[in-house]
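Good morning, colleagues. I should like to take a few minutes to go through one model with you, beginning with its sheet and ending with a single aromatic residue.

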Amino acid sequence: MLKLRRTERGFARADFEDLYGSKCSIQQSSLATDDAIWLGVHEGSLHYEKQESSRMHLNRKQVAELIPLLERFVKTGELFSE
């Protein structure tokens, strides 16, 4: 299960790896004009450097772990449920 934590600025964030071991994350954005998140592969990750694409390669289990976070964000605009 993905473990959410707070960044130094107080935004919710969870780090994980895709099937190739690339470092990925989901994080609440600081955008002041809209509720938004960051979701992607970190530059410098193993898979990222070998490919032209910066897309994540996820299996069904990994997607299942992201779904509750994404559903909560759609409903509340937050990643954390507080």
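Why is strand S3 largely enclosed by the rest of the structure? In this predicted model, S3 spans residues 23-28, and five of its six residues are buried, so the strand is largely enclosed by what surrounds it.

Let us place that strand in its sheet. The sheet is open and has four strands in the order S1-S2-S3-S4, with antiparallel pairing. Its edge strands are S1, residues 5-6, and S4, each of which pairs on one side only.

On one side of S3, five bridges connect it to S2, residues 12-17, and the two strands run antiparallel. Five bridges also join S3 to S4, residues 37-41, again in an antiparallel arrangement. Ser25 illustrates both pairings: its bridge partner in S2 is Asp15, and its bridge partner in S4 is Gly40. The hairpin of S2 and S3 has five residues between the strands, and there Gly21 adopts a positive phi near 85°.

I turn now to the helix. H2 lies across S2, S3 and S4, and runs at about 15° to S3.

Finally, where does Phe80 lie? Phe80 is found in the segment after helix H2, which covers residues 60-76. Leaving aside residues up to four places away in sequence, Phe80 touches Leu4, Arg5, Arg6, Ala12 and Arg72. Phe80 and Phe11 are 69 residues apart along the chain, and their C-alpha atoms are separated by 9.1 Å.

Thank you for your attention.

Note on methods
Residues are numbered from 1 along each chain as its sequence is written. This is a predicted model: local features need pLDDT of at least 70, side-chain atom pairs count only at pLDDT 80 or more; totals for chains, interfaces and linings use all residues. Side-chain values use heavy atoms; hydrogens and water are left out. Contact means heavy atoms within 4.5 Å. Buried means under 20% relative accessible area, exposed over 50%, partly exposed in between (1.4 Å probe, protein chains only). Two strands pair if DSSP finds at least two bridges between them. Axes are lines fitted to C-alpha atoms, for helices over the stretch in contact, and angles run from 0 to 180 degrees between N-to-C directions.
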